[in-house]
Amino acid sequence: MHPTNNRIADIVPEVREWRRWLHQNPELLFELPKTSAFVADKLRDIGVDEIHENIAETGIVAIIKGNGDGPTIALRADMDALPIDELSSDDHASQSPGKMHACGHDGHSAMLLGAAKYLTETRNFAGTAVLIFQPAEEGGSGAKAMIETGFFDRFDVSEVYGMHNMPNMPIGQFGLRNGPIMAATDFFYVEIEGVGGHASQPHRCVDPLVAANAIYSGFQSIITRNTNPVKNGLISITAMQSGEANNVIPQTATIKGTVRNLHEETRDLIERRMNEIVEGVAKTYGVKAELKFDRLCPVTINHDAQFTHAADAAAQIVGADNVDKVQPVRLGGEDFSYMLQEKPGAIIFVGNGPTAGLHHPEYDFNDEALPYGIGYWTRIIEDRLPLTK
């Protein structure tokens with residue numbers, strides 16, 4: 001099935017150039033001066049009805065009014081990149097060392113700009129389309145920051161939809177599921193302080209490494225022995241850092257990692273048990289130890305009706321056989337979850353083809369996915385805000 005109509009096909013070459021410019025100029029978190037200026041300039045060129053800039057520092061909201069009165073539907077794309085050195089020889093590779101679009105937010109923003117161009121030209125809907133260009137999805141909770149400005153209520157948004165590319169899902173396919181679709185994401189940090197000294201005199205020291213090992217082992221037991229086996233999740237300890245010399249017992253040690261799960265009660269239990277273990281180990285081994293548990297985003301939960309609307313819109317673009325409505329739950333996090341806590345909506349995955357995985361230094365958004373994403377966005381607006389016949 002052809003992914004979209006001829007007008008969208010005509011837009012794609014220009015959108016591809018926008019996408020590649022964004023890829024060449026990655027920026028991080030809320031520090032998006034070039035990115036947000038580029039997006040705003042394109043929106044002005046396109047001729048949307050309103051552009052609201054500097055929402056949560058560098059976020060942008062564009063307003064497109066249809067031909068008639070109706071509700072307000074929001075579409076969201078993220079704009080920020082990752083602190084990764086890109087491994088690529090492409091002409092459009094990152095021009096900023098240590099930064100790259102390793103998650104496809106360049107593609108997400110470009111597709112939403114393409115939808116803005118189409119919707120502004122055609123206005124084949126009754127109501128208002130709100131296009132959200134969000135900063136700081138990668139660990140900065142930019143969605144939460146934008147919500148806290150009150151823009152949902154300011155623009156009277158009734159529903160909100162998101163989209164994310166998915167490597168190794170074939171081009172021309174979409175995937176989603178009802179209910180929980182992505183995990184709550186938390187980071188944790190444990191700072192341990194003992195008494196350092198010469199390695200030949202351990203009795204004069206308080207070794208933080210002994211405590212760090214006990215905390216490591218204790219954390220591993222939480223999933224296997226404390227959480228409900230059908231509602232567990234994971235704890236990944238990703239860094240243990242302490243000392244440098246062969247003959248020195250260090251003064252301090254640090255543990256870092258992440259927690260992922262799909263149930264708020266499990267999330268609460270894990271944080272409580274981690275605190276208890278850290279406090280208990282500190283007393284047992286005579287060290288000072290403190291846990292910082294940083295809740296980044298809640299579980300991403302698609303709403304029933306909006307899941308159906310999203311699946312139907314995707315099916316109109318690629319056919320029902322190319323829409324997987326029972327995608328597996330993924331333990332990656334997505335701060336779009338904050339928006340879904342505020343308004344009914346859904347997030348969908350669009351196929352990126354056989355590319356490197358997300359957050360990999362060789363990843364690149366696949367431009368062949370552009371017409372499918374643009375087509376999906378426009379179908380959501382036209383389906384949810386139909387013109388009165």
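User: What makes helix α3 count as largely enclosed by the rest of the structure?

Analyst: In this predicted model, 16 of the 18 residues of α3 are buried, and α3 is therefore largely enclosed by the rest of the structure. A residue is called buried when its relative accessible area is under 20%.

User: How do you know that the length of α3 agrees with what its number of residues should span?

Analyst: The expected span is 1.5 Å times one less than the number of residues, which for the 18 residues of α3 gives 26 Å, and the end C-alpha atoms of α3 are 26 Å apart, so the two values agree. After this helix comes R123, whose phi is positive, near 45 degrees.

User: Which values describe the packing of α1 against α3, and what is the handedness of their crossing?

Analyst: Two packed helices are described by the angle between their axes and by the distance between the axes. Helix α1 (residues 6-24) and helix α3 (residues 105-122) pack at about 145 degrees, with axes 9 Å apart, and the crossing of α1 and α3 is right-handed. On the α1 side the contact includes I11, V15, W18 and L22, whereas on the α3 side it includes A110, M111, L113 and Y118. By class, the residues in the contact of α1 with α3 divide into nine nonpolar, four polar and six charged.

User: How do you know that helix α2 has the length it should span, and which of its residues are buried?

Analyst: The 14 residues of α2 (residues 33-46) should span 20 Å at 1.5 Å a residue, and the end C-alpha atoms of α2 are 20 Å apart, so the helix agrees with the expected value. Its buried residues are T35, S36, F38, V39, A40, L43 and I46, and what covers them includes α1, β1, β2, α3 and β4. The residue that follows α2 is G47, with a positive phi near 95 degrees.

User: Strand β4 is among the elements covering α2; why is T128 in that strand called buried or exposed?

Analyst: T128, which lies in β4 (residues 128-134), has a relative accessible area of 14%, and because that is under 20%, T128 is called buried. Leaving out residues up to four places away in sequence, T128 touches I63, I64, K65, G70, P71, T72, I73 and L385.

User: What makes A56 and A136 notable in their backbone phi, and are they buried or exposed?

Analyst: A56 has a positive phi of about 55 degrees although it is not a glycine, and A136 likewise has a positive phi of about 55 degrees without being a glycine. A56 lies in the loop between β1 and β2, while A136 is in the loop between β4 and α4. The relative accessible area of A56 is 14%, so A56 counts as buried, and A136, at 0%, is under the 20% limit and is therefore buried too.

User: Why is H198 assigned to its accessibility class, and what makes its approach to S200 a polar contact?

Analyst: H198, in strand β9 (residues 197-198), has a relative accessibility of 43%, and because this value falls between 20% and 50%, H198 counts as partly exposed. The side chains of H198 and S200 meet at 2.8 Å, and since a polar contact requires N or O atoms within 3.5 Å, this distance satisfies the cut-off. Beyond its sequence neighbours within four places, H198 touches C205, N247 and I249. H198 and V248, which are 50 residues apart in sequence, lie 4.9 Å apart in space, C-alpha to C-alpha.

User: How do you know whether H164 and F151 are buried or exposed?

Analyst: H164, in strand β5 (residues 159-166), has 5% relative accessibility, which is under 20%, so H164 counts as buried. Its contacts, leaving aside neighbours within four places in sequence, are C103, H105, H108, E334, I348, F349, V350 and L358. F151, in helix α5 (residues 151-154), has 1% relative accessibility and is therefore buried by the same limit of 20%. F151 touches V61, I132, M146 and M339, not counting residues up to four places away in sequence. F151 and L296 are 145 residues apart in sequence and 21 Å apart in space, C-alpha to C-alpha.

Technical notes
Residues numbered from 1 in each chain as written. Predicted model: local features only at pLDDT ≥ 70, side-chain atom pairs only at ≥ 80, totals over all residues. Heavy atoms only, no water. Helix = DSSP H or I, 4+ residues; strand = E, 2+ residues; numbered from the N terminus. Buried < 20%, exposed > 50% of the residue type's maximum accessible area, 1.4 Å probe, protein only. Contact = heavy atoms within 4.5 Å. Axes fitted to C-alpha atoms, helices over the stretch in contact; angles between N-to-C directions. Left-handed = near helix turned anticlockwise from the far one by under 90°. Nonpolar A, V, L, I, M, F, W, Y, C, P; charged D, E, K, R; others polar. Polar contact = N/O pair within 3.5 Å; in protein donor to acceptor, adjacent residues only side chain to side chain.
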